[in-house]
Amino acid sequence: MTTARPSNPSSPSASAGTSSPSASAGTSSPSGAAGTSGPAGAAGLPRLAGPGGPAGASGVAAPGVGGARVAGRSLLRLGPVSLLIRRRAVLVAAVLTVLLLAAVVLSLSLGTPYVAPADVLRALSGAGTPYDLVVLDLRLPRVVLAAVAGAAFGVAGTLIQSVARNPLASPDVIGITQGAGLAATVALTSGMAAVLVAPTALVGGLLAAVLLFALGARHGLAAQRFVLAGVAVAFAFRALTEVVMLTADPIDGLRAQIWLIGTLAGKGWTEAAWIAGALLVLLPVLAWAGWALNSTALDDDTARGVGLRPVARRIGLAGTGVLVAAMVTAQVGAVDFVALVAPQVARRLVRAERPPLVCAALLGALLLVLADLAGRRLFAPTQLPAGVLTAAIGGPYLIFLLLRGRRRSS
């Protein structure tokens with residue numbers, strides 16, 4: 001990818017077949033003429049036409065151009081900041097937002113008693129209806145928790161899968177969920193106060209992350225080693241959890257089993273506030289992560305050639321992912337497969353080379369809201385934990401990946 005330069009026959013750099021070192025590396029020039037820089041420019045993005053030549057002849061948009069469109073992308077420039085937007089990703093995000101809002105209204109409507117969607121909207125707007133208690137106090141906290149937790153799972157899965165370069169990598173595969181589950185099981189079976197279960201589970205998830213990084217940090221946190229270390233940590237913590245449950249009181253063991261499956265029953269505003277607050281605190285880090293994900297497809301030599309530090313980026317992205325995963329698991333339990341499915345489905349919808357962060361978050365929220373609704377209504381009055389329904393989604397998804405891999409190999 002070459003950087004556009006003003007036409008100047010007298011300048012040696014304008015001669016045919018030559019370019020500056022910075023241009024050959026895919027980075028922007030000091031003047032800021034490049035619309036893409038760093039990892040975005042190195043990731044094989046299409047060339048953008050500048051005013052000095054035909055379409056595709058120059059590497060980037062010229063200074064002062066407010067936006068350029070090519071190959072499904074728009075380049076928006078705000079002063080010194082340039083943002084490359086994939087238009088299909090914006091469209092998918094808008095559609096997922098509409099579907100999520102519809103799922104929220106549907107979840108607030110269905111139940112005993114049934115509340116018409118019009119009454120749900122009036123209750124949410126504060127107009128006052130006879131169903132305010134049902135909608136606002138009984139159902140809304142759980143639905144909001146499902147949406148926030150699902151979004152957090154989608155974010156965590158996107159970061160971990162991008163670092164691992166493996167669609168099967170997720171918090172419930174690399175041991176984060178199992179570490180939190182072991183700590184929560186110890187807390188639930190040892191008579192610890194209920195208010196301490198979530199902090200204890202968070203500590204367990206973070207300890208699992210520390211062990212994961214200790215085992216997988218050699219060779220610059222290489223993708224294959226990272227996944228293998230995570231699988232080993234997951235099996236070890238799962239075995240210890242089974243030992244604790246077998247030696248515990250049956251009633252306490254049943255409570256731990258329900259937590260390990262993952263359920264939103266009996267939870268609401270408090271858990272949603274903890275998750276949303278953590279995401280808000282991490283928002284600057286997540287904004288950086290959304291930009292840094294552009295470089296995850298590069299090999300280390302190419303990344304270093306364009307001035308990046310691939311090992312530091314992988315550690316930062318993986319650390320953010322496991323922190324979000326441990327935090328949300330501590331609040332809602334081990335809800336499996338949302339972090340596994342959401343990023344890859346979002347990637348296929350956007351037709352991108354990597355999972356898109358915002359779309360994965362929206363899809364994770366949609367999946368968990370629908371899973372919780374199905375768990376409440378499919379076998380009413382019996383309620384199934386949300387983790388049972390997400391596992392029912394994840395199983396066929398894994399079979400799909402297996403069959404798809406066989407077709408590719410053949």
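A residue counts as buried here when its relative accessible area is under 20%, as exposed when it is over 50%, and as partly exposed in between, with a 1.4 Å probe and protein chains only as cover. By that yardstick, 49% of the protein's 410 residues are buried. The model is a predicted one, so to speak of local features takes a pLDDT of at least 70 and side-chain atom pairs count only at pLDDT 80 or more, while totals for chains, interfaces and linings use all residues. Numbering runs from 1 along each chain as its sequence is written, and side-chain values use heavy atoms, with hydrogens and water left out.

On the whole-chain level, there are 17 helices and three strands, taken as DSSP runs numbered from the N terminus (H or I, at least four residues, for helices; E, at least two, for strands). About 19,200 Å² of the protein is exposed, and 68% of that comes from carbon and sulfur atoms; accessible areas follow the Shrake-Rupley method with a 1.4 Å probe. Among contacts with a separation of 6 or more, 69% link residues 24 or more positions apart, a contact being heavy atoms within 4.5 Å.

Helix 5 covers residues 132–164, and its 33 residues reach 46 Å from first C-alpha to last, close to the expected 48 Å. That expectation is 1.5 Å times one less than the number of residues. Helix 5 does bend, by about 50° at Leu-140, with Pro-141 following within four residues; the bend is the angle between axes fitted to the seven residues ending at a position and the seven starting there. Of the 33 residues in helix 5, 27 are buried. Just past its end, Arg-165 adopts a positive phi of about 55°.

Helix 16 is mostly covered too, with 18 of its 21 residues buried. Its end C-alpha atoms sit 30 Å apart, which agrees with the 30 Å expected for 21 residues. The loop between helix 16 (357–377) and helix 17 (386–409) holds Ala-380, which is partly exposed because its relative accessible area is 39%. Ala-380 lies 8.8 Å from Gly-111, C-alpha to C-alpha, despite a gap of 269 residues in sequence.

At the surface, Leu-91, Val-95 and Leu-99 make up a nonpolar patch with about 270 Å² of accessible area together. Leu-99 belongs to helix 3 (residues 87–109) and counts as partly exposed because its relative accessibility is 43%. An α-helix has 3.6 residues a turn, so residues three or four places apart point the same way.

Definitions and conventions: Patches are made of residues with over 30% relative accessible area and no salt bridge: like charges are joined within 9 Å, nonpolar side chains (Val, Leu, Ile, Met, Phe, Trp, Tyr) within 5 Å. A salt bridge is a side-chain nitrogen of Lys or Arg within 4 Å of a carboxyl oxygen of Asp or Glu.
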